[in-house]
Amino acid sequence: VDADLIGANEFKIRQVTLDEAQKKLVQAQQDVKSRSVTNQASLQVLQEKLNRAKLTADRARQNMDNLVIKAPMAGVVVVRENQDAAGGFFFSGMTLPAYRVGDQVNSGRPVIDVFDVSKMEIRARVNEQERVNVAAGQHAVVTSNAAPGATYEATVMGVSGLGRPDRTAGPLRQFEVTLELARPDERVRPGTSVTVIVQGKTVENVLTLPRQALFEAEGKSIVFKRSAGDREFEAVPVKVLHRSESQVAVEGIDEGTEVALVDPAVVTHAPTKGKPVAAPPTPTAPGGGS
């Protein structure tokens, strides 16, 4: 404002007012800068707290992820038996409960198994007399109580060449047979008991004998053949080609040969009680297919 246009006193008043306004402006500008610095410092503190909170959350999330068990493949999960349920005490035939929520588990103890059921094998056993009737590639029918009314096609994949004794199955050695299911069913889980019927091969143009006429001696199959012109019998080793419940197909004797149904030595040395000993039955070995 020009001092010549207004009075001197009015000019001085306005000049003082302007000075005060300029001082207030400078003070306000200083306050803004101070508050900006303070706010920036507070923002950095809050940002540091946020970073710490994120780090804590990431650690908690990682710990939770570590508690989640992810299967490496698709399949059926089977919970194992809790071997620590009885306090470490265990005897043969004892039934243990499966692991449940809240059970304590020692380090390294397996709890569950994941089985790939897209391909499933069956393990069965046959005794040494039936071993000759089972071979790789044979067709089989499988049933299980786990799937009532359902039947499954299977194929024999192999038969073990080494037999093992089994006290529960009698004196005969047992051979392990491996079969593969053509179409696995989720109801038939690993560990399920099944019934296997193997369809034997057709045997043609073989010599058959009653099963009673076949004996075992020193690990070999033999039959007692009547000697020509007398009533004596001699042991003749034979090769068993096939067995059924009542007959055996053999190789090593001629058609029409008379064989004994009982061991002649047992009949000869049996007590007679004053009566003559009857000669053992001597059926004729027939030929043909079975």
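## The chain at a glance

Two helices and 14 strands make up the regular elements of this chain. Please keep in mind as you explore that the model is predicted.

Of the 290 residues in the chain, 20% are buried. The chain exposes about 21,300 Å², and carbon and sulfur atoms supply 52% of that area. Contacts can also be sorted by how far apart the partners sit in sequence: among those between residues at least 6 apart, 62% join residues at least 24 apart.

## Strand E7 and its partners

A good place to begin looking is strand E7, which covers residues 173-181. Strand E3, residues 121-127, runs antiparallel to E7, and seven bridges join the two. To find this pairing in the model, look for Glu 121, which stands opposite Glu 180 in E7.

Strand E5, spanning residues 151-159, also pairs with E7 in the antiparallel sense, here over five bridges. Ala 154 marks the spot, standing opposite Leu 181 in E7. Strand E6, made of residues 164-165, pairs with E7 too, with two bridges and again in the antiparallel sense. In that pairing, Arg 164 stands opposite Gln 174.

## A buried glutamine in a loop

Next, follow the chain from E3 towards strand E4 (139-144): Gln 138 is in the loop between them. Is Gln 138 buried or exposed? Its relative accessibility is 10%, and because residues under 20% are classed as buried, Gln 138 counts as buried.

What surrounds Gln 138? Leaving aside residues up to four places away in sequence, Gln 138 touches Asn 133, Ala 154, Thr 155, Val 156, Val 198, Gln 199, Gly 200 and Lys 201. One of these, Ala 154, is the residue that stands opposite Leu 181 in E7. Asn 133 also has a polar link to the glutamine: the backbone oxygen of Asn 133 lies 3.1 Å from a polar atom of the Gln 138 side chain.

## A three-stranded open sheet

Further along the chain, three strands form an open sheet in the order E10-E11-E12, with antiparallel pairing. Why do E10 (215-217) and E12 (233-237) each have one side without a neighbour in the sheet? These two strands stand at the edges and each has a single partner strand, so one side of each is left without a neighbour there. From one strand to the next, the twist averages 50 degrees.

Within this sheet, three bridges join E10 to E11, the strand of residues 220-226. Here you can spot Phe 215 standing opposite Ile 222 in E11.

Notes:
Residues numbered from 1 in each chain as written. Predicted model: local features only at pLDDT ≥ 70, side-chain atom pairs only at ≥ 80, totals over all residues. Heavy atoms only, no water. Pairing = 2+ DSSP bridges. Helix = DSSP H or I, 4+ residues; strand = E, 2+ residues; numbered from the N terminus. Buried < 20%, exposed > 50% of the residue type's maximum accessible area, 1.4 Å probe, protein only. Polar contact = N/O pair within 3.5 Å; in protein donor to acceptor, adjacent residues only side chain to side chain. Contact = heavy atoms within 4.5 Å. Axes fitted to C-alpha atoms, helices over the stretch in contact; angles between N-to-C directions. Areas by Shrake-Rupley, 256 points an atom, 1.4 Å probe, with all protein chains shown as cover.
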